[in-house]
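Hi,

Here is the structure I promised to send over. Have a look at it first, and then read on for what turned up.

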Amino acid sequence: MNKIKLMVIAMTVTMMTAVAPAMAQPAQNVQQLEREIEQHEKNIKEKENSIKDLEERIDEMKNQLKDLETQKKTLEKELKAEIKTRKDKFVTRDELVYDQEIADVLYNPYNKSDVEEALDSFEGMETKDVIKKKEIVQKYGEYTKDLREFMEKSKKQLAGNSWKYVSSSTDLYKKFEKGLKGTKYWKVYNKKEKNESIDYLDRVMDKIMLFKNDGLKNEQQFNEILNMLYAN
């Protein structure tokens, strides 16, 4: 055997030795892949089961949520009714306090201490229609003082005319009328049919209007009105 043949044989053996492991490798890869596929299928099954469990829990929670929503709506309805009932009772309460502790103060001549007590009665009130009456109680003294000062000023002017009859066309009459309408209480009195007013001062104003319409001539009538405006 010559050298060339020996070299060929050696190369052939080497090649066969190298190819043998390579031919066995595909079988090993298939087994590995099958094991991995089996693991994936197991994972898929587990995840499907987990998803199913979660869906069941979600459905259960949806039912619970629906029940909670129903409870919430029921409570909201009850709350609304409770608030309305409370408000209605507060209105009744505030109106009762006003009628029993405040209204009489406006029916009688201005008295500082009585007015202060009446203002204290507004404490804790919630009814807007009653609370808005507080301002007129606060201004009772101011209205009385302003109207009295107007009458005292007018007395000098009317006395200067010797308490004679004054027609509506005279300057003295027009001046008295303008002054009366310029008093702080006039706006309240002029709208008393629609807004809250002071009953006592309304009666005073009624007498002043009668005095004015009668010609501003009765001194005794005038003095009786003026005496009604002196505060206690």
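Let's start with a small puzzle: does Ser 162 count as buried or exposed? Keep in mind that this is a predicted model. Ser 162 counts as exposed, because its relative accessibility is 51%, and the cut-off for that class is over 50%. You'll find Ser 162 in the loop between α5 and α6. Its backbone is worth a look too: Ser 162 has a positive phi of about 60 degrees, although it is not a glycine. Most residues other than glycine have a negative phi.

Trp 163 sits in the loop between α5 and α6 as well. Trp 163 also has a positive phi, about 55 degrees, and is not a glycine either. Trp 163 counts as buried, though, because its relative accessibility is 13%.

Now the overall picture. The protein has nine helices and zero strands, so there is no sheet to look for, given that strand count of zero. Along the sequence the pattern reads α-α-α-α-α-α-α-α-α. Of the 232 residues, 24% are buried. If you take the contacts with a separation of 6 or more, 66% of them are between residues 24 or more positions apart.

On to the nonpolar core. The largest one has 41 residues, and Ile 198 and Ile 208 have the most contacts inside it. Quite a few helices feed into this core with at least two residues each: α1 (3-107), α2 (112-120), α4 (134-138), α5, α6 (171-181), α7 (186-190), α8 (199-213) and α9. In soluble globular proteins, nonpolar side chains tend to be buried together.

If you want one residue to click on there, try Ile 208. Leaving out residues up to four places away in sequence, Ile 208 touches Leu 147, Met 151, Phe 176, Leu 180 and Ile 225.

Met 205 is another good one to click on, and its place is in helix α8. Met 205 counts as buried, because its relative accessibility is 0%. With residues up to four places away in sequence not counted, Met 205 touches Leu 147, Leu 180, Tyr 185, Trp 186 and Tyr 189. Take Tyr 185 from that list: Met 205 and Tyr 185 are 20 residues apart in sequence, and their C-alpha atoms are 9.0 Å apart in space.

Next, how the helices pack. I'll go through three pairs.

α5 with α6: the two axes come within 10 Å and cross at roughly 170 degrees. α5 and α6 are therefore roughly antiparallel to each other. On the α5 side, the contact is made by Leu 147, Phe 150, Ser 154, Gln 157 and Leu 158, and on the α6 side by Leu 172, Lys 175, Phe 176, Gly 179 and Leu 180. Sorted by class, the residues of this contact are six nonpolar, three polar and one charged.

α6 with α8: here the axes come within 11 Å and cross at roughly 165 degrees, so α6 and α8 are roughly antiparallel to each other. The crossing of α6 past α8 is left-handed. From α6, Tyr 173, Phe 176, Glu 177 and Leu 180 meet Met 205, Ile 208, Met 209, Phe 211, Lys 212 and Asn 213 of α8. That contact comes to seven nonpolar, one polar and two charged residues.

α5 with α9: the axes of α5 (residues 140-160) and α9 (residues 219-227) come within 10 Å, crossing at roughly 160 degrees. That angle is why α5 and α9 count as roughly antiparallel to each other. α5 passes α9 in a left-handed crossing. Arg 148, Met 151, Glu 152, Ser 154, Lys 155 and Leu 158 of α5 meet Phe 222, Asn 223, Ile 225 and Leu 226 of α9. By class, this contact has five nonpolar, two polar and three charged residues.

One last spot: Gly 182, in the loop between α6 and α7. Gly 182 is exposed, with a relative accessible area of 57%. Gly 182 and Asp 146 are 36 residues apart along the chain, and their C-alpha atoms are separated by 9.9 Å.

Shout if anything is unclear.

Cheers

Technical notes: Residues are numbered from 1 along each chain as its sequence is written. This is a predicted model: local features need pLDDT of at least 70, side-chain atom pairs count only at pLDDT 80 or more; totals for chains, interfaces and linings use all residues. Side-chain values use heavy atoms; hydrogens and water are left out. Axes are lines fitted to C-alpha atoms, for helices over the stretch in contact, and angles run from 0 to 180 degrees between N-to-C directions. Helices (H or I, at least four residues) and strands (E, at least two) are DSSP runs, numbered from the N terminus. Angles under 35 degrees count as roughly parallel, over 145 as roughly antiparallel, 65 to 115 as roughly perpendicular and the rest as oblique. A crossing is left-handed if the near helix is turned anticlockwise from the far one by less than a right angle, and right-handed if clockwise. Contact means heavy atoms within 4.5 Å. Ala, Val, Leu, Ile, Met, Phe, Trp, Tyr, Cys and Pro count as nonpolar, Asp, Glu, Lys and Arg as charged, and the others, Gly among them, as polar. A nonpolar core is a set of buried Ala, Val, Leu, Ile, Met, Phe, Trp, Tyr and Cys residues joined through side-chain atoms within 4.5 Å. Buried means under 20% relative accessible area, exposed over 50%, partly exposed in between (1.4 Å probe, protein chains only).
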